[in-house]
Structures are given as structure tokens and as C-alpha cells.
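Hi there,

Here is the structure I promised to pass on to you. Please open it alongside this message, and I will then walk you through what turned up.

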Amino acid sequence: MPRYRNTVVGKITDQTRLKRPGDPKRSADPAVMEGLSGLQERGLKATTSYDRFVAQQPQCGFGLTGVCCRICIQGPCRLSSRSDVHQKGICGATEYTVVARNLVRSIAGGSANHSDHGRHIAVTLLEIAEGKAPDYKITDPEKLRRVATRLGIETEGKSEQELAREVALAALEDYSRASDEPSRFLTTTITEGRFKKFKHCNVLPSNIYRSISELMSQTVMGMDADPVNIIFGGIKAALADFAGEHIATDLADIIFGTPRPTVTESNLGVIDPEYVNIATHGHNPTLSEMVVEAARELEGEAKKAGAKGVKVVGICCTGNELLMRKGVALAANQASQEVAIMTGALDAIVVDVQCIQPSLRTLSECFNTRVITTSQIAKIPGSYHFDFQESKALEQAKEMVRLAIGAYRERGSREVSVPQHKQKTTAGFSLEALMSLFGAINPEKPVKVLTDAIENGEIKGVALFAGCNNLKQPQDHAHLTIIRELAKNDVFLVATGCSAGACAKAGLMTPAAVDAFAGEGLKKFIKRLEEAAKPEAGLPLVFHMGSCVDNSRVADLWTAMAEEMGVDVPRVPFVASAPEAMHEKAVAIGTWAVAMGIPVHVGVMPPVEGSGLVYGILTQIAHDVYGGHFIFERDPEVAARMLLDALEYRAWKLGIHRHAAKKYQTSIMASSW
Ligand code: BF8
Ligand code: SF4
């Protein structure tokens, strides 16, 4: 079998590396452009990330290519192949060691973030089971039973409380196991082929935290110098990240309910100046669900203060969690969080963890917004801080809402300026919701509806759009450009995280977008689903599958497809793209997706170009070993072509192999991609 070669992989187009300082095109989102120019018009001196990005130019070339090592304090050592004396760091570390170490340390960061989030939810479930978190309950007992069964826990004759306790303890065991037995949340959610592959490569994590700390240990000064071994350590921590994400998704569904299709609105226009407005921002739904409840209960107090009521809106992945489960409107994704405050109509912004810019606090000074932090490990100096405890969650959430009502009272006649842009959004497509949609056509084998559509050529495959905003690109532009191109070429589209936010704000999560952008095959497929399932609000062009931890839902989809097709994941026509990746969490997700066998496009160059060897491992060798690989391409149009090529290559091979298997009455080859 010839090795997979995309003719443009390994090279990148000549797009300018950095957005020109002063480039007026800062965002594809008209609400953001209006918000930014409004600031100047109002004569306010506040600066935003967009300004600070320009101020940071030119960024350091050593850092940009990953060859700056600061791991010990003899450094920083900046390596350069152009100078004899700078080819190695002081300790003798070469560029491939330094680049690999820097890369995997960001996987450790991302994995720590996601798995911490998962552990927090597992502890909440345990507290619910033990009666220590009276404001929470088990909303989806069926999912509780399904997850328990998947984990091999006996369900017969057990109460909800008993089962919740056992599931929570099984999740916590994935963080504390002393033996080398692999993580149960990983091994029970992947194909047998992937299990064998991970075992063979010695990358199966056992204890999530141990994988992260081992990786930190592996990469300190004077430890591992072998780039391949370092990257394998990174893959292990990335698979631990996957386990943590799966715990977060499964257990949040059990506590707060598994998302079902819901209709809401997105973009800054959802902020209504006549209400007390509270933005919930971050990632963990444990707090924000309580804020929604507290806002409902304190409606009367808000009215007494002269408002029409309390309006909760979402930002980033906390926004996605609330949007999926509660139909709460999404105000902003990552790069427009500051602009939400700049409307002047946000009375409070309640934050939990991750992707929260410290700049919010400074900006809030100009607009009298209460910034409320709630995590012991995510404080911003000068903010209101609550040490959030599940045992008194609702009581604390009410205090936060009262702070917002107080700020509303002080608003008086202060000028507010909300950009009037918002779009209808149909969201809430958990895997269960997607399967029930497909089940309207084939109740016995719902996923077959999707795989059949690929096999008969109606659609070309599935693409996941994930990841962040990154101000090296105009906000949302790359997401929207690639998505429209793939839609035109009949690719079924799912999205999570800030990519889902970009789609929602741009109106791509509406039935109208199907008519406007889908190619004939995709349109036919979606309309067929619509006719069978008759969803009240119709179906969107891009299916919102949730927050970033909910990429676990997407992995479950490709696993289900692989099982239905009788192949392993690397053969499924499925690709992923993070057009504006920014966070360490995105590096962790991209890495486990590649290890699962998915081609993953990244639209912003990560700091790996300093080592040809590491670059080659990520873009070529990864494919030989795992069947997935990274595609680094900054030009969204070229990237779209490359993603389509990867899908077509898989669909073509599947057809060829299926034909041969039928002819010779053998099973489909599984060993070579
Ligand atoms: O976890 S996509 S900017 S908000 S890291 Fe952050 Fe990136 Fe957004 Fe959600 Ni995910
Ligand atoms: Fe320099 Fe080696 Fe220390 Fe890195 S670990 S800073 S390369 S001496």
C-alpha cells in the first residue's frame, strides 16, 4: 500500500505569517467590527486584544518556530541551524529535542485543564450521590445506566444514588489508579483496533494525572532527548486528555441532561439593555447552570430595580454548554469576549475556568461591569471572588445575580451600545440527538444512515470544526471560509467550541444556511432527515455538538461509524479542522484526534517549524503509525481543498477495498491505512 501523500503536505503556502499590524480587517463578525469602531467613536481609550496583538509585533522568531528553550534557568537557549555555535543549547539539547519538548508540554497543559474539569464534575456527581450537593440532581438517569453498563458496572437492582456513586468513583479512579490498568473512560469508548494500536505503541494512559506528571518529568532538563519518545509521551497525555473530556461530557449529561435540539440566538445582539444582563464565561457548567436557576428565581428583584428581568447569555464553552442544554443565547466566542463588555450593557460577567482573559477586569472599569471569579485556581486581581462550593451552589449564585442587579441600578443613563447583530441558532446535537435523528430513517442502525450516504456518494464524509479564535487571523474568517467550501462540496459538518460559536454567530446553524450553502448531495441528505424526523425548527447546515470537552461526542460518532463500516477509524471518511487554534487544549485535542486516525488541519502554524524532524513526524510519520496526521495550512481555501482531498482519498480506498472484499469474500483490510 503506497504511503499516503498529499502533494502539498509538508509544505505550506506562502501566506504572510502574521497579520499586518494595523490591518483594519480584524474580524469576520460584523458585530465585533461595530463594537471595536464604536469604542473609538465614543472616545474611550480602552485597548483590546486586537490592539495588543499589533503591539506585540514582530513576535520572536525563535519562539514562533519552537526553538527557544526555557526549561532550565541556564536558559533561555535559542537554537539556530544557521550558526555553528547556536545549533545546540547549553546542555547540548538539539532543535528536535527542544521543539518536541515544547510541543508536548503544551499537551500537558491542555490535558491538565480538561481533566481537571472532568474531575470537578465527577466530584459533583459523587456529592450528589452522597446527598452533599442538594441544589443538583440526576437529570438523565438513562444515561447514568448506559454509562454504568459501558464501564462494566452491574446496574440490576441498584438505586440511582448507588449507581451515581459507582460511576463517579469509577471516573475518579481514572485519576488515582496506582496500577498500570488503562483508563476505563478511554478503553470503553474506542474501537478494538485503536485499543490494540495504543497498547502496541505503549501510549495507553492509566491514571490521567500520572500521564501528565510523567510527561512533565520526561521533559525536564537532562531527561528524554529522543523526539519520537517525547512525542509518544505527548500522545499518552493527549489520550488522558480524551479520557478527562469523556468524563466531563458523560457526567455533565447525567447531572444536567443530555442535550436535545433547541432553538436560540447568537451574537452580541442577544444582550438586551432593558434587562439585567449576566454573561457566564468559561467552561464548567456546574456554576453556570446555577446562575441560570438563580436568575430565574430573582426575576422579581430585577423588576423592582426597573429592569424587564434577568437575561443570562453565554461566552465561550460555558456558553456552549448552556446553549446546548438550556437554549441560553450565545453572546460571543473567545476573541469577542472583551467586545461583550464594551457594549456597556453587561452588568456582570461570571467566570469559571479557562480562556478567560485577564483584560476583562481592566475593561470592566470603563463599563461598571462586575467581574466575578469563582475558581480557587482562576482569580483576577480586583475582581469579586466567590469560593464556589457545590454544597451551597444556588445560594452563592443568587449573591452573584444580586451583584449584577446592583450594577444595573447604577447604570442610570450611562450610554450603552449593543451591535444589533444576532442570528437564529438551532443547536443541541449530542450524539444521542443525532442518533435519534438518523433513527427516524433507520431505527435499528441509525448511524448506517450516515455511513450509507457516504458509501453511496451522496455526501463525501464528515468534518469536525473545532478550536479557538487566534488573532493571527481575522476572527472567524478561516472557520467560515473552510466550512462554506466543504458544505458546497457535500461534506456533513459538525462543530464544537469556538468554531461552533463562529458558525452560530454567522447564521450557519439555521435551515436557511442549508439552502444557501449546501451542495446538492448534502442538501438532499439533510432534507431527507428533515422529512423523516420532522424537527420543529428544521435542521441546520452545521450541527452544534457542544463545547470543547464535547469533542468526545464527536469521537464517539467516528467510532460508531467505524464499527458500522467494519473498519478502524483511519479508514472512515472523517476529517477535523481547527482553523484558528490558539489554546494548549487545542493541541491536546488535535493530538488525540490524530492518534485516533483522523487527518487534522490546523490553520495557524504551531511552533514546530524549528525542527524538520518533528514537523515530519506530525505531518507524515504520524500517518504511517496511527493513520491520522496534521495538515498545517494557513490559507483557508487551500486548507479546504486539502481536507476534501483527504476525505476523497478515504472514500475511494473504502470503495476499492469493499469491492475487493466482496469479490474475494474476505474482510476489509484493517492493517494498512
Ligand atoms: O475550550 S475553543 S478558545 S473557549 S480552548 Fe477556549 Fe479554544 Fe474557545 Fe472552549 Ni476550546
Ligand atoms: Fe538550555 Fe538545555 Fe536548559 Fe533548555 S534545558 S534552557 S537547552 S541548558
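Let's begin with helix α17, where Leu431, Ala433, Leu434, Met435, Leu437, Phe438 and Gly439 are buried. Please keep in mind throughout that this is a predicted model. The helix covers residues 431–439, and 7 of its 9 residues are buried, so the rest of the structure largely encloses it. What do those buried residues pack against? Their partners are α18 (446–455), β12 (491–496), α22 (520–533), β13 and α23 (551–565).

One of those partners, strand β13, spans residues 542–546 and holds Met545. Is Met545 buried or exposed? It is buried, because its relative accessible area is 0%, and anything under 20% counts as buried. Beyond its close neighbours in sequence (up to four places away), Met545 is in contact with several residues, including Leu431 and Leu434, both of which are among the buried residues of α17. Its other contacts include Met324, Phe429, Val494, Thr496, Asp550 and Arg553. Another pairing to look at is Met545 with Pro259: they stand 286 residues apart in sequence, yet their C-alpha atoms are 8.8 Å apart in space.

Now for the overall layout. The protein chain is divided into domain 1 (30–86), domain 2 (95–256), domain 3 (268–411) and domain 4 (423–663). Between domain 1 and domain 3, the C-alpha centres are 29 Å apart. Their contact draws on 13 residues from domain 1 and 11 residues from domain 3. Together the two bury about 860 Å², with 65% of that on carbon and sulfur atoms. Which three residues of domain 1 supply the most of the area it buries against domain 3? They are Val32, Arg42 and Tyr50, with 32% of it.

Next, have a look at the second largest pocket. It holds about 620 Å³ of space and is lined by 24 residues. Nearest its centre you will find His120, Val353, Ser375, Gln376 and Ile377. Where does this pocket lie? Domain 2 and domain 3 both give residues to its lining, so the pocket lies between them. Helices α4 (95–129) and α11 (285–297) each supply at least two lining residues, and α4 gives the most, with 7 residues. By class, the lining has 6 nonpolar, 11 polar and 7 charged residues.

Some details of the backbone are worth a look too. Two peptide bonds that lead into a proline are cis. From Gln57 to Pro58, omega is near -5°, and Pro58 sits in the loop between α2 (49–55) and α3 (61–65). From Gly75 to Pro76, omega is near 5°, and Pro76 belongs to the loop between β1 (68–69) and β2 (77–78).

Two residues that are not glycines have a positive phi: Gln354 at about 75° and Cys355 near 70°. Gln354 is in the loop between β7 (348–351) and α15 (359–367), and Cys355 is found there as well. Gln354 is buried, with a relative accessible area of 11%, and Cys355 is buried at 17%.

A last stop is Thr155, in the loop between α5 (141–150) and α6 (160–176). Thr155 is buried, with a relative accessible area of 17%. Leaving out residues up to four places away in sequence, it touches Arg145, Ala148, Thr149 and Leu163.

Enjoy exploring!

Best wishes

Key
Residues are numbered from 1 along each chain as its sequence is written. Chains are lettered from A and ligands numbered from 1 in the order in which they are written. This is a predicted model: local features need pLDDT of at least 70, side-chain atom pairs count only at pLDDT 80 or more; totals for chains, interfaces and linings use all residues. Side-chain values use heavy atoms; hydrogens and water are left out. On a 1 Å grid over the protein atoms alone, a cavity is a set of points where a 1.4 Å probe fits but cannot get out, and a pocket is an open set with protein on both sides within 12 Å along at least five of seven lines; lining residues have an atom within 4 Å of a point. Grid points are joined across faces, edges and corners, and a volume is the space filled by probe spheres set on the points. Helices (H or I, at least four residues) and strands (E, at least two) are DSSP runs, numbered from the N terminus. Ala, Val, Leu, Ile, Met, Phe, Trp, Tyr, Cys and Pro count as nonpolar, Asp, Glu, Lys and Arg as charged, and the others, Gly among them, as polar. Domain bounds come from an automatic or database domain assignment. Buried means under 20% relative accessible area, exposed over 50%, partly exposed in between (1.4 Å probe, protein chains only). Contact means heavy atoms within 4.5 Å. Buried area is the accessible area (1.4 Å probe) that two parts lose on being put together, summed over both.
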